[in-house]
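This report describes the architecture of one protein chain. The reader is invited to keep the sequence and the structure in view while following the sections below.

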Amino acid sequence: MKIFNTSQIRELDEFTIRNEPVSSADLMERAADQLMKWFMRNFDRSSHVLIFCGPGNNGGDGLALARLLSVNRYNTEVFFVSISGRTSEDWNHNFRRLEKETSVRFNTIGNIENFPFIGPDDIIIDAIFGSGLTRPADGLAKQVISKINESESKVISVDIPSGLFGEDNSSNNPDGIIRADYTLSFQFPKLSFMFPENSGYTGEWDILPIGLDSNAIRETDTPYVFVETGFVASLLKKRGKFDHKGKFGHGLLVAGSYGKIGAAVLGARAALRTGIGLITCHLPECGYQVIQTSVPEAMASVDSNEFITTKIISSDLFDAVGIGPGIGTDTATQKTLHDLLSGKPRHLVIDADGLNILGLHQDWLELLPPGTILTPHVREFERIAGKTGNSFLQMERQAEFAARYNCIVVLKGAHTSIATPQGRIYFNSTGNPGMASGGSGDVLTGMILALLCRGYSAEEAAVTGVFLHGLAGDIAAAKSGQESVIASDIIENTGNAFNKINNGN
């Protein structure tokens with residue numbers, strides 16, 4: 001699914017109105033109908049529903065929803081936040097219909113003293129501001145938003161929490177943004193929904209289709225993509241009847257050090273479960289018996305050092321190399337990474353301590369082979385690229401870094417972002433907080449290594465690996481609960497994740 005900026009969404013609305021053709025009021029009615037259906041699926045008629053409407057089209061959505069909920073016997077009341085002497089044409093249309101077709105009580109909030117009492121069991125619908133807001137909320141609007149945030153009621157925002165900008169909130173005032181429990185966004189998610197600091201405003205968000213023109217959506221370009229099952233299913237490579245293990249590649253995983261051999265075990269097992277043909281693990285001598293016992297399917301390349309990696313075999317022997325999980329940052333291990341980069345392996349994924357070493361030697365970034373995949377979490381990314389003020393600026397830094405070094409940057413998080421050298425940024429839709437557990441990153445490294453060996457491009461391997469990793473974690477959490485998920489559970493559910501993608505679920 002594409003993610004558009006707010007001006008592009010407005011253009012798509014206008015294109016649909018002109019070319020379907022459909023009136024703007026009827027398009028608003030579609031949106032309100034979707035809102036009503038979502039509301040009826042999630043809330044019964046026992047609660048008092050208070051709809052706060054602004055003077056623009058977001059307020060018009062709220063008025064249309066108030067009418068539809070009233071027709072469906074919900075106890076609904078409207079509160080108009082009078083912050084402007086003008087109201088939009090579609091707002092006026094829906095106000096007339098509300099007056100004519102229902103007995104819904106309409107109240108005007110001209111100053112904060114008019115703010116109503118809100119009980120803990122009441123439900124608030126926020127339709128004050130839409131995604132077109134370009135400056136922080138102030139005055140009466142900010143006061144109303146603060147009062148809503150102080151309430152103990154459930155809050156549902158229409159399209160976007162009022163006060164939140166659709167993209168960059170660097171200049172925004174957090175005190176002037178609705179803190180919703182649910183956000184119902186029309187047709188697409190907003191870019192700002194992808195960033196962790198905004199989750200306290202959006203709550204759980206859902207996408208409601210309103211029938212915007214599919215050709216216009218297809219032809220409108222955007223660098224941002226929200227990755228869903230159908231997209232990943234189109235990338236998966238099918239196994240042929242006469243394929244053999246050589247068809248699925250031979251990978252080298254450089255992982256583990258004394259006390260951290262589990263990283264090699266997890267990475268190797270993940271690669272095998274993701275369909276690699278052959279996996280060789282290079283690890284210090286202390287890990288030899290561990291890897292041969294724990295992962296009998298893997299081959300071992302044993303370092304001359306008992307505790308750390310000091311020298312690896314030629315990368316020319318392998319289709320792809322993964323390096324970093326648990327290797328430490330000893331001086332000799334640093335040299336090993338430098339030698340590997342200088343040897344220009346065909347395909348490379350670097351994680352964990354591999355990234356920490358790059359942070360110590362940022363001039364080595366110039367040695368990265370084209371298409372190298374880096375898989376940092378936020379702190380690791382800051383070590384190689386520097387700190388930024390917020391997630392939007394960090395995303396821009398991520399895109400600049402990927403372009404400068406001709407690499408793929410997988411920035412791990414709730415909506416893991418994948419930046420390509422060409423400027424595209426994918427946001428992942430799978431995964432859960434239960435995966436915030438030691439070893440999960442080692443598993444992702446093994447998965448991506450396997451996909452590279454199987455012939456996926458670096459971009460495809462990163463996108464598919466991240467989605468598959470998150471989906472396997474979701475399946476594991478559904479079985480045992482998020483609190484109990486460990487890295488091995490992700491590995492054990494990789495096959496189920498493949499099945500779910502192939503079955504279109």
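## Strands 11 and 12

Thr280 has Met299 of strand 12 as its bridge partner. This pair belongs to a predicted model. Strand 11, residues 278–283, and strand 12, residues 299–302, run parallel and are joined by 4 bridges. Together with helix 10, which covers residues 288–294, strand 11 and strand 12 make a β-α-β unit that is right-handed.

## The chain as a whole

The protein chain contains 18 helices and 18 strands. Its radius of gyration is 26 Å, close to the 23 Å that the globule rule gives for 505 residues, so the chain is as compact as a globular protein of that length. Taken along the principal axes, the box filled by the C-alpha atoms of the protein chain is roughly 85 × 45 × 40 Å.

## The sheet of 11 strands

Strands 11 and 12 take part in an open sheet of 11 strands, ordered 1-9-18-17-16-15-14-13-10-11-12, in which the pairing is mixed. Its edge strands are strand 1 (2–3) and strand 12, and each of them pairs on one side only.

Within this order, strand 10 stands beside strand 13. Strand 10 (residues 250–254) and strand 13 (residues 320–323) run parallel, with 4 bridges joining them. Val254 has Ile323 in strand 13 as its bridge partner. As a general point, the side chains in a regular strand alternate between the two faces of the sheet.

## The sheet of 7 strands

Another open sheet is formed by 7 strands in the order 4-3-2-5-6-7-8, and here the pairing is parallel. Which strands stand at its edges? They are strand 4 (105–109) and strand 8 (204–208); each has a single partner strand, so one side of each is left without a neighbour in the sheet. On average, and with direction ignored, neighbouring strands of this sheet are turned by 20 degrees against each other.

One pair in this sheet consists of strand 5 (residues 123–127) and strand 6 (residues 154–158), which pair in the parallel sense over 4 bridges. The bridge partner of Ile123 in strand 6 is Lys154. Helix 3 (residues 57–71) lies across several strands, among them strand 2 (48–53), strand 3 (75–81) and strand 7 (182–186). Strand 4, strand 5 and strand 6 are also among the strands that helix 3 lies across. Helix 3 runs at about 155 degrees to strand 2.

## Helix 2 against helix 4

How do the axes of helix 2 and helix 4 cross, and at what angle? The axes of helix 2 (residues 24–42) and helix 4 (residues 89–101) come within 10 Å and cross at roughly 65 degrees. The crossing of helix 2 with helix 4 is right-handed.

On the side of helix 2, the contact involves Ser24, Ala25, Met28 and Glu29. These meet Asp90, His93, Asn94 and Arg97 in helix 4. Of the residues in this contact, 2 are nonpolar, 3 are polar and 3 are charged.

## Two features of the backbone

The peptide bond that leads from Glu20 to Pro21 is cis, and its omega is near -15 degrees. Pro21 lies in the loop between helix 1 (6–19) and helix 2.

A further feature concerns Ala352, which has a positive phi of about 50 degrees although it is not a glycine. Ala352 is placed in the loop between strand 14 (348–350) and helix 12 (353–360).

Notes. Residues are numbered from 1 along each chain as its sequence is written. This is a predicted model: local features need pLDDT of at least 70, side-chain atom pairs count only at pLDDT 80 or more; totals for chains, interfaces and linings use all residues. Side-chain values use heavy atoms; hydrogens and water are left out. Two strands pair if DSSP finds at least two bridges between them. Helices (H or I, at least four residues) and strands (E, at least two) are DSSP runs, numbered from the N terminus. A crossover is right-handed if, with the strands pointing away from the viewer, the path from the first strand over the helix to the second runs clockwise. Axes are lines fitted to C-alpha atoms, for helices over the stretch in contact, and angles run from 0 to 180 degrees between N-to-C directions. A crossing is left-handed if the near helix is turned anticlockwise from the far one by less than a right angle, and right-handed if clockwise. Contact means heavy atoms within 4.5 Å. Ala, Val, Leu, Ile, Met, Phe, Trp, Tyr, Cys and Pro count as nonpolar, Asp, Glu, Lys and Arg as charged, and the others, Gly among them, as polar. The radius of gyration is taken over C-alpha atoms; the globule rule is 2.2 Å times the number of residues to the power 0.38.
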